[in-house]
Structures are given as structure tokens and as C-alpha cells.
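Good morning, colleagues. I should like to take you through one structure, beginning with a single residue and working outwards. Please have the sequence and the coordinates open before you.

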Amino acid sequence: MIWRRLYTLTWWLVLPLAFFYLWRRGGKQADYRRNWGERLGYYPARSPRPLIWLHAVSVGETRAAVGLVRALRLRHPDHGILLTQMTPTGRDTARQLFGDEIEVAYLPYDLPGAVDRFLRHFRPTFGVLLEMELWPNLIHGAAQQGVPLFLINARLSAKSLRGYRKVARLLRPALAKLAGVAAQSADDAERLAELGVAAPQVMGNLKFDFTPDPTQLAQGKVWRERFGDRPVWLAASTREGEEALLLAKPLPADGLLILVPRHPQRFDEVANLLAQHQLAYVRRSQWDGERPLPPGTQVLLGDSMGEMAAWFAAADVAFVGGSLLDFGCHSVIEPCAQGVPVLVGPSSYNFAEAVSEAVSVGAARQLADVATLMTTLTALLADPAERDRMGEAGRAFVAAHRGALARAQEMLP
């Protein structure tokens with residue numbers, strides 16, 4: 001109890017900084033300055049239907065939840081679905097994926113009063129936390145109000161475990177109150193058990209069960225036709241500093257780079273970087289997708305949201321960002337599922353098992369630095385047969401790992 005009191009006190013002390021952070025981020029992305037009341041547990045009127053609640057912190061988790069949302073709606077047709085996030089991009093993704101079919105809200109900050117208001121307002125029948133969203137006051141509050149709370153699709157890297165060990169006395173009592181825990185892999189389950197989870201199950205990764213929107217796939221194929229015969233490579237979900245590394249090297253001759261930063265507030269920053277490098281670029285927001293790109297275009301800047309499946313469908317090779325610098329990589333599963341050869345940099349701890357297996361079956365290649373990455377990319381763009389082989393290996397890799405959704409449904413009410 002003393003540890004949770006200290007944790008709550010810390011939250012009260014940093015709360016002004018949290019709102020200052022939101023205001024500052026709002027300078028680049030206005031949505032950060034909206035819906036602040038929800039951060040403290042105050043929400044507009046809701047539907048009287050009983051609700052099932054899922055929490056997916058941001059974009060990747062929200063996309064992974066698509067199959068689960070659909071399955072729960074079929075199993076509980078009398079219930080609505082509440083999907084909570086912590087970021088505006090996650091919230092926007094939920095709206096793009098589901099429209100008005102579900103309720104969308106921010107999860108409140110982990111203060112007892114805010115958590116209590118959230119739970120009393122929505123009164124969920126049960127809740128599902130995706131990946132590794134551990135909020136002690138939220139978990140305790142759900143237990144006090146009789147809301148079964150499950151943690152599924154959980155992943156815990158060795159690096160993250162070292163950080164969690166420092167607050168183990170705070171986390172262990174909360175973990176004991178969860179109604180069930182399912183990990184992505186045996187290694188994740190072992191680390192969760194070390195943290196204090198009793199008998200975590202292994203369910204696999206929901207992202208393997210994600211099915212891209214057919215409309216987006218068709219859109220991407222149309223774009224590929226608009227690009228002509230030139231080789232096309234995608235730098236997907238790049239993080240701060242990675243674009244500069246990529247652009248410092250000569251781009252493949254006659255190729256088109258589709259550059260899609262991870263965070264929308266960086267779109268203008270990356271556009272300025274392209275201008276500094278004197279590269280001929282077009283922003284997606286200024287291209288209708290119907291006409292061919294202007295002659296001589298070297299870079300198409302993906303300054304849009306919710307089109308990643310289309311970008312993968314339009315690419316011959318994909319580099320997955322967050323991996324050249326120490327961000328731990330983003331998911332390699334979606335490009336593999338579409339049969340796109342994948343390149344990643346040296347940092348992959350967030351998806352260590354998926355990257356390792358994709359490399360071992362020949363669906364992906366992991367490179368030590370940007371120079372090796374660009375050399376490998378150039379060779380792949382000139383080798384259609386090798387791209388086809390890697391693409392088929394990627395599809396087989398994803399197909400072999402499907403089933404997490406079915407196992408998740410076995411655990412949940």
C-alpha cells in the first residue's frame with residue numbers, strides 16, 4: 001500500500017508537467033490540446049448499452065485489436081465496445097477503422113479519482129489491456145469495482161524487464177489482481193512470471209491475425225501503377241534521426257522513396273529535411289493518388305494517417321523504421337503478410353522474436369548500419385527473383401503464426 005501511495009503522490013506532482021507536455025505537443029498536433037477532461041475521468045454522455053472495454057495505447061495496438069473487436073461484437077451482440085487510447089494518433093486510427101461502430105475515449109491518467117470516475121461512467125462488463133499497459137491504480141480500481149481485467153498480447157523485452165524490476169513492489173500486488181495474462185511468446189511469459197505473474201499463458205501475437213483493408217490494398221496497387229516501371233522502396237514508421245541517416249546516403253538510381261514518418265507532428269520537419277537535401281519531393285497531402293507523380297520526383301512524403309497498408313502494397317521493398325537507432329523497431333508482420341521483402345536495422349528489441357524468425361526463414365534481413373542497409377536495398381531492387389522469394393517466405397511466416405485471436409477468445413468471457 002505504501003508503494004501505491006508514493007506512486008499516486010508522484011502522479012499528483014507530475015500532473016502539471018503532463019498537461020504542459022500535452023499543450024506543447026499541441027503546437028505541432030492540435031489534437032493534443034483537446035479532450036483534456038477525459039484525461040481526468042470526465043466524459044460526455046454515453047450509450048446505455050453494457051460495454052466491453054479494450055485499451056490499446058496507440059496506433060499499432062489499435063490496429064492489432066481489429067480482429068478482437070470484431071470477434072467480441074459477434075460473441076456479445078448486446079454489448080457495445082469501448083476502445084481507449086493514450087494518444088491522438090491512436091484515437092484517430094480507431095475512428096478510421098471503426099467509424100461510429102464503437103465508443104472511443106482516452107484512458108484517464110492513473111490517479112485513483114480519475115480511474116474511479118472512468119469505471120463508474122462506463123461500467124464495463126470486463127476489460128482487456130493490450131500489450132504491456134500496466135497502470136496500478138487502474139488495476140486496483142477495476143478489482144474494487146468487480147470489473148475482471150485481462151492483459152493479453154503482452155510482450156516484455158529483457159530491457160523493459162530491467163526497468164520493471166525497479167518498481168516490482170508496486171507492480172506485484174497489481175499483477176495479482178488481473179483475471180488472466182496471455183503473453184506473445186514463451187520468452188515474454190517467462191519474464192512476466194519473473195515479474196510476478198502467476199502462470200501466464202502463451203497466445204502468440206494478435207498482429208499476425210490482422211487482415212489489411214482490401215480497399216487499401218487495391219489503392220496501393222493503383223499507386224504502384226502510377227509510379228511506372230521505376231523501383232519503389234518504402235521507409236515505414238521512421239523515427240527522429242533516422243531520416244537524416246537514410247538521406248545522407250545516395251538514393252538508389254531511378255528509384256522512388258516513399259518516406260512515412262511514424263508521428264504526424266514530424267511531417268513538416270521531415271519535409272524541411274528533404275528540402276535541405278535538395279531532393280525533389282511531393283507530399284501525399286498534395287497528391288490525389290490518381291495522376292502520375294511529377295517527372296523527376298525522388299521522394300513521396302507520406303504525410304497522411306491510416307494508409308500504411310496501402311504504402312506497403314505500393315512498395316517493392318520495405319525498410320521498417322525505429323530500427324536504425326535505438327527505438328526497438330516497429331512491427332515487421334504487416335509487410336511480411338503482404339509479401340513485401342523487409343529490411344531492418346540493428347535495434348529490434350520490441351519485436352525481437354518476430355524479427356529473428358522472419359530473418360531465419362528468409363523473409364527479412366537485419367543490417368548492422370545504414371551503409372549496409374542501402375547496399376542491400378540497392379541489390380534487392382535490382383533482383384526481382386530474390387524479392388519474390390523473400391515475399392513468399394514472408395507470407396508463409398505470417399500464416400504459420402496465425403491463431404492468437406482464437407486463443408485470446410478462449411481466455412476472455
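Let us begin with histidine 55, in what is a predicted model. This histidine is buried, and its relative accessible area is 0%. Histidine 55 belongs to strand β1. Which side chain offers histidine 55 a polar contact? The partner is the side chain of glutamate 133, at 3.0 Å. If we set aside neighbours within four places in sequence, the residues in contact with histidine 55 are Thr84, Gln85, Met86, Leu107, Val128, Leu129, Leu130, Glu133 and Trp135.

From this residue I turn to the sheet. Seven strands form an open sheet with parallel pairing, in the order β3-β2-β1-β4-β5-β6-β7. The edges are formed by β3, residues 103-106, and β7, residues 201-202, each of which pairs on one side only. At the β3 end, four bridges connect β3 with β2, residues 80-85, in the parallel sense. Within that pair, leucine 83 is opposite valine 104 of β3. Helix α5, spanning residues 88-98, packs on the sheet and touches both β2 and β3; the angle between its direction and that of β3 is about 180°. Towards the other edge, helix α10, residues 186-195, lies across β5 (149-154), β6 (180-183) and β7, and it runs at about 140° to β6.

I now move to the nonpolar interior. In soluble globular proteins, nonpolar side chains tend to be buried together. The largest nonpolar core here has 45 residues, and those touching the most other members are Trp53, Tyr109, Phe118, Met132, Leu151 and Leu192. At least two residues each come from α1 (2-25), β1 (51-55), α6 (112-122), α7 (136-144), β5, α9 (168-175), β6 and α10. Which of these elements gives the most to the core? It is α1, with six residues.

Tyrosine 109 illustrates how such a core member is surrounded. Beyond its neighbours within four places in sequence, tyrosine 109 contacts Trp11, Leu15, Ala18, Phe19, Leu22, Arg39, Met86, Ala114 and Val115. There is also a second, separate core of 30 residues, and among its members are Val66, Leu83, Leu130 and Ile152. Two of these names have already appeared: leucine 83 as the residue opposite valine 104, and Leu130 as a contact of histidine 55.

Two helices merit a closer look for the placement of their buried residues. In α9, the buried residues are Ala168, Leu170, Leu171, Ala174 and Leu175. Why do they fall on the same side of α9? The reason is that they cover an arc of only 155° around the axis. These buried residues pack against α1, α7, α8 (158-165) and α10.

The second helix is α16, residues 352-360, where Ala354, Val355 and Ala358 are buried. Because they cover an arc of only 95° around the axis, these three also lie on the same side of their helix. Among the elements covering them are α15 (333-337), β13 (342-344), β14 (364-366) and α18 (384-400). After α16 comes glycine 362, with a positive phi near 90°.

I shall finish with the region around strand β8. All of its residues, seven of seven in the stretch 232-238, are buried, so this strand is largely enclosed by the rest of the structure. Strand β8 runs parallel to β9, residues 256-261, and six bridges join them. One of the pairings places valine 232 with leucine 256 as its bridge partner in β9.

Helix α12 contains glutamate 243. Is glutamate 243 buried or exposed? It is buried, with a relative accessible area of 1%. The side chain of glutamate 243 makes a polar contact of 2.7 Å with that of threonine 238. Leaving aside neighbours within four places in sequence, glutamate 243 touches Thr238, Leu259, Pro261, Arg266, Val270 and Leu273.

Proline 250, by contrast, counts as exposed, at 70% relative accessibility. Proline 250 sits in the loop between α12 (242-247) and β9. From proline 250 to glycine 321 there are 71 residues in sequence, and 18 Å in space from C-alpha to C-alpha.

Thank you for your attention; I welcome your questions.

Notes: Residues are numbered from 1 along each chain as its sequence is written. This is a predicted model: local features need pLDDT of at least 70, side-chain atom pairs count only at pLDDT 80 or more; totals for chains, interfaces and linings use all residues. Side-chain values use heavy atoms; hydrogens and water are left out. Two strands pair if DSSP finds at least two bridges between them. Contact means heavy atoms within 4.5 Å. Axes are lines fitted to C-alpha atoms, for helices over the stretch in contact, and angles run from 0 to 180 degrees between N-to-C directions. A nonpolar core is a set of buried Ala, Val, Leu, Ile, Met, Phe, Trp, Tyr and Cys residues joined through side-chain atoms within 4.5 Å. Buried means under 20% relative accessible area, exposed over 50%, partly exposed in between (1.4 Å probe, protein chains only). A polar contact is a pair of N or O atoms within 3.5 Å; within protein, one must be able to donate a hydrogen and the other to accept it, and residues adjacent in sequence count only if both atoms are side-chain atoms. The arc is that of the directions from the helix axis to the C-beta atoms.
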